[in-house]
Amino acid sequence: MNLALASDTVARLQFGATTVYHFLFVPLTIALAAITAGLETGYVRTGKEKYFHATKFWGKLFLINMALGVATGIVQEFQFGMNWSQYSRFVGDVFGAPLAMEALIAFFFESTFIGLWIFGWDRLPKRIHCACMWMVALGTVLSAYFILAANSWMQHPVGYRIDHATGKAQLTSITDVLFQSTTVVVVLHTLTAAFLTGAAFVVGISCHHLWKTKRQQDQGLPVNRKKTAAMRTSLRLGLVLAVISGMGVALTGDTLGKVMFEQQPMKMASAEALWETAAPAPFSVFAIGDVAKGDNSVELSVPGVLSFLAHSNFTEAVPGINNVAAAEAREYGGKPSDYIPNIFVTFWGFRLMIGFGMTSFVCGIAGLWLTRKKRWLAPDRRTADDEVPPLMLTRSRELGPFFTTWGWRCGILTLGFPLVANSFGWIFTEMGRQPWAVYGLMKTSSAVSPNVSVTVQVIALSVFIALYTVLAVVEVRLMVKYAKAGPVTSEQPPAKDPTLRGPDADADADKPLAFAY
């Protein structure tokens, strides 16, 4: 292996590892911000303690997750100047615009209002306090939008021109960058996936507490009914959100597949291990490919489905890997094999993304049915809002002990499925674009820093792995500690809604100014 290829490989490994690790926190932060805001809205509107306790509980987990997300996200932008200086020089004028917007608008938006939310429980009127969390939720969405706009430009560059004197890409239309079709669809797909992630997280932890409470009841032990009420409300919210966001993921994913077919046909072909152009094109359920020969030795497929995913009909042709690679070799030079991504990773990454994501969607549907509300059940099977709901198969028939146990366990297990799906989704997205850093403009091998040795890269990668391992241990221990503890039901809402002037405003009116800035 020559030095340039080794440098390229290590740089990609480092960026991929840190990106996937960082993206474990991002979707959960986006979803938990909105979920917390929604629960606090319920408290403001109804004054019920169950909403207050749920808000405080999920807000605490949101803050832990957000802190780790910010810490790992800072590293991402530094890497552009460390391992990818050639890339930064080429696209900095374009790529830097949405990143600057993310930092100057979205990040400060989030940080300002999260501070008000954390310290404002006893100082701000509850409506204004609730609005602060909604502003945080809006900030997380804006942050995701600007970052995804930058990434979408790498997938499908628009709104630029090449300065032939400097050889750099220059921004000509920020509107095109922010609102091109790729950006809009990717943002919608990512946000719906984020809410599916948050929904599964809420469902998993709620199931843990409710199942634990059920076992305590079966043993005749006392239970905390306020805690049960908060967790039952959270479970219902999580299940509804899982179903809605799961449908959103499927719809936006279908649209994204059609956009991907038009803009990056190689990614679509590699996702299906479709080696030769086919009309109609089959959807491959399982395949074992031979890259050297350019075909599949074993394949199980459904005829016509890939044509439908690409064109919304079952007959049109979809170009194959060999055909697209040959066309790109003619246009950009080199051998056709230079333009074929890692088929194993893209093929299975695509399937694992769909499989894990849709499993949580199915669990949401099953959970909604099994824990449905009173009017769907026989009178003798109905329970109060502060009791553990029975898992009802029919109007009057409850699941048996074995299936009840596994019903709660499946609810707990679904917690991690969307996180896995998100990781495989990003791996597929970035690996399927190879060998391009910016599709059609700059290859990954040309984007690395020329003066950073492989030794330095390996040391940096090792340090990042060690550091991120420590952060992972801290994150998991904190999340497990506070998630297992559950809501602190001894904490009561403020007895009186604070005013903006504060309770001691009159007493402090004549005091001398102590500090000015």
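**Figure 1. Gly-220 follows helix H7 in this predicted model.** Gly-220 sits just after H7 and takes a positive phi of about 75 degrees. H7 itself covers residues 181-218, 38 residues in total. From first C-alpha to last, H7 reaches 55 Å. That is close to the 56 Å expected at 1.5 Å a residue. H7 is mostly covered, with 27 of its 38 residues buried.

**Figure 2. Thr-233 lies in helix H8.** H8 takes in residues 225-263. Is Thr-233 buried or exposed? Thr-233 has a relative accessible area of 14%, and it counts as buried because the cut-off is under 20%. A polar atom of the Thr-233 side chain lies 3.0 Å from the backbone oxygen of Ala-229. Beyond its neighbours within four places in sequence, Thr-233 is in contact with Leu-39, Lys-50 and Tyr-51.

**Figure 3. Ser-152 is a buried residue of helix H5.** H5 is made up of residues 126-155. The relative accessibility of Ser-152 is 1%. Leaving out neighbours within four places in sequence, Ser-152 is in contact with Gln-180, Thr-182, Thr-183 and Val-186. Ser-152 and Phe-424 are 272 residues apart in sequence. Their C-alpha atoms are 18 Å apart in space.

**Figure 4. Strands E1 and E2 form a hairpin.** E1 covers residues 160-163 and E2 covers residues 168-171. The two strands run antiparallel and are joined by four bridges. Arg-161 has Gln-170 in E2 as its bridge partner. Four residues separate the strands. Gly-167, in the turn, has a positive phi of about 75 degrees.

**Figure 5. The largest pocket draws its lining from several helices.** The volume of this pocket is about 1400 Å³. Its lining holds 47 residues. Closest to the centre are Phe-15, Thr-19, His-22, Gln-76 and Ile-147. The elements giving two or more residues to the lining are H1 (3-23), H2 (26-46), H3 (49-82), H4 (85-119), H5 and H14 (417-431). H1 gives the most, with nine residues.

**Figure 6. The largest cavity has a volume of about 50 Å³.** The model has two cavities of 30 Å³ or more. Residues lining the largest cavity include Arg-232, Leu-370, Thr-371, Arg-372, Lys-373 and Lys-374. Leu-377, Arg-382, Thr-383, Pro-389 and Pro-390 also line this cavity.

**Figure 7. Two cis peptide bonds precede prolines in loops.** Most peptide bonds are trans. Ala-279 and Pro-280 are joined by a cis bond, with omega about -5 degrees. Pro-280 is in the loop between helix H9 (265-272) and strand E3 (283-290). A cis bond also joins Gln-434 and Pro-435, with omega about 20 degrees. Pro-435 lies in the loop between H14 and strand E5 (436-438).

**Figure 8. Ala-273 and Ser-312 have positive phi values without being glycines.** Most residues other than glycine have a negative phi. For Ala-273, phi is near 50 degrees. Ala-273 is found in the loop between H9 and E3. Ala-273 is buried, at a relative accessible area of 5%. For Ser-312, phi is about 65 degrees. Ser-312 sits in the loop between helix H10 (305-311) and helix H11 (321-332). Ser-312 counts as partly exposed, at 44% relative accessibility.

Note on methods. Residues are numbered from 1 along each chain as its sequence is written. This is a predicted model: local features need pLDDT of at least 70, side-chain atom pairs count only at pLDDT 80 or more; totals for chains, interfaces and linings use all residues. Side-chain values use heavy atoms; hydrogens and water are left out. The expected span of a helix is 1.5 Å times one less than its number of residues. Buried means under 20% relative accessible area, exposed over 50%, partly exposed in between (1.4 Å probe, protein chains only). A polar contact is a pair of N or O atoms within 3.5 Å; within protein, one must be able to donate a hydrogen and the other to accept it, and residues adjacent in sequence count only if both atoms are side-chain atoms. Contact means heavy atoms within 4.5 Å. Two strands pair if DSSP finds at least two bridges between them. On a 1 Å grid over the protein atoms alone, a cavity is a set of points where a 1.4 Å probe fits but cannot get out, and a pocket is an open set with protein on both sides within 12 Å along at least five of seven lines; lining residues have an atom within 4 Å of a point. Grid points are joined across faces, edges and corners, and a volume is the space filled by probe spheres set on the points.
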